[in-house]
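Trainee: Got a minute to go through this one with me? I'd like to talk about helix packing and salt bridges.

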Amino acid sequence: MDPSPVRETAKPKGRFPIANLILLAISLAAAFVLGELAARFRLAAWPFEPEPMELPYLTEKDANLRWRFSSEEGRNSLGLRSREIEPKGADVLRILFLGDSLVWTGETSSGRLYTEVIEENLNRAVTGGRRIEVINAGIPGYTTDQELEFLRVYGLELEPDLVLLGFVFNDVYPGFLHRPTRGNMLAIDPAARLYRFDVGSPPGSLLAWSYLAHEIAYAVDLIRQRAAGEPIFPFERRADFYLAWKPYSWEHPRRTLEAFDRLLADSRVPWAMVIFPIGDQVDETYLALDRDYVRYPQRRLLEIVEALDVAHLDLTDMIEAHGGRALYQDYLHLNAAGNDRVAAAVTDFLLEQSAILDATR
């Protein structure tokens with residue numbers, strides 16, 4: 001007797017594949033969300049941010065600065081490493097030197113800050129005119145955005161006759177690079193890591209919020225470089241400097257420097273820029289690998305300041321010629337010998353500027 005025939009049940013076409021795709025999409029989304037939360041937890045980013053540091057001495061004027069230092073430990077009433085700033089007399093020519101920690105931590109071999117040495121040098125070299133004051137207005141961790149705001153709310157009240165702006169290549173970061181948190185005044189803001197995509201492109205604008213996506217992009221780029229045998233430079237891996245080597249990053253500093261220029265032009269105050277390289281940019285090993293690439297940020301910055309017709313002193317070649325990496329105490333800050341060189345170079349630069357010579361005659 002023949003076995004009963006097996007009756008096949010027709011399967012609805014497409015039902016199970018679509019369900020599988022939906023399940024796969026949900027699983028991938030859940031994995032991405034978990035990965036994103038893990039990345040944010042590791043970096044102490046929202047919603048895992050530590051408590052902010054309370055700075056009771058700040059006023060409403062400081063709202064867009066995020067922080068400045070107190071008047072303790074020998075600092076003046078604005079928290080600057082400078083003498084108390086008195087009302088300017090008719091016999092005084094005042095130079096305001098804005099910047100970040102490269103201005104703040106400018107100790108020379110004499111133990112004095114290079115801003116103090118510059119002041120002494122100028123007063124010795126220029127006679128028969130007004131007494132010259134140099135105010136050290138460097139604040140560690142500031143970007144050019146914060147220096148512009150400090151100039152607006154405090155600097156112009158000091159009646160400068162000339163403003164110097166110190167620029168180093170973490171200044172390309174928009175807004176804030178550091179975030180004062182309880183126990184750490186200068187913690188790197190996790191958001192500084194969110195610039196490995198060009199937000200002007202559709203993929204970049206879509207992924208700009210994601211810490212996980214940026215970590216994946218970082219890893220993929222590193223794998224690609226190693227596979228291609230390309231040199232890998234330390235500055236490309238530093239959370240506070242990699243952005244300066246991204247071509248799309250330079251639109252923001254251009255706008256900030258244009259605003260800086262307009263503000264001082266409206267106040268009829270001349271200004272000049274002092275450009276500081278980082279240690280990697282004067283390191284013979286890295287320069288031998290690809291000098292043009294290592295010095296890329298200098299070229300982009302000089303395009304901006306030359307378009308603004310602003311006097312500028314680029315310290316890069318001078319530092320390379322007089323010791324290079326040996327003039328640094330770390331990858332960013334100069335040692336006493338390096339600051340001696342800065343004091344001499346800035347003095348010579350200022351003596352060449354008519355803004356100084358004309359005002360002191």
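Mentor: Sure, let's take one helix pair and then some salt bridges, keeping in mind that this is a predicted model.

Trainee: Okay, at what angle do the axes of α4 and α7 cross?

Mentor: Roughly 15°, and the axes come within 10 Å. Angles under 35 degrees count as roughly parallel, so α4 and α7 are roughly parallel to each other. The crossing of α4 past α7 is left-handed.

Trainee: Which residues in α4 and α7 meet there?

Mentor: From α4 you have T144, D145, L148, L151 and R152, and they meet H252, T256, L257, A259, F260, L263 and L264 of α7. Sorted by class, that contact has seven nonpolar, three polar and two charged residues.

Trainee: Switching topic: how many salt bridges does the count come to?

Mentor: The count is 28. One of them pairs E36 with R40, at 2.7 Å from N to O. E36 and R40 are both in helix α1, four residues apart, or about one turn of the helix.

Trainee: Are E36 and R40 buried or exposed?

Mentor: Both E36 and R40 are buried.

Trainee: And what does the salt bridge of R81 and E107 tie together?

Mentor: R81 sits in the loop between α1 and β1 and E107 in the loop between α2 and α3, so the pair ties together parts 26 residues apart in sequence. The N to O distance in that salt bridge is 2.9 Å. R81 is partly exposed, at 29% relative accessible area, and E107 counts as partly exposed at 29% too.

Conventions:
Residues numbered from 1 in each chain as written. Predicted model: local features only at pLDDT ≥ 70, side-chain atom pairs only at ≥ 80, totals over all residues. Heavy atoms only, no water. Axes fitted to C-alpha atoms, helices over the stretch in contact; angles between N-to-C directions. Helix = DSSP H or I, 4+ residues; strand = E, 2+ residues; numbered from the N terminus. Parallel < 35°, antiparallel > 145°, perpendicular 65-115°, else oblique. Left-handed = near helix turned anticlockwise from the far one by under 90°. Contact = heavy atoms within 4.5 Å. Nonpolar A, V, L, I, M, F, W, Y, C, P; charged D, E, K, R; others polar. Salt bridge = Lys/Arg side-chain N within 4 Å of Asp/Glu carboxyl O. Buried < 20%, exposed > 50% of the residue type's maximum accessible area, 1.4 Å probe, protein only.
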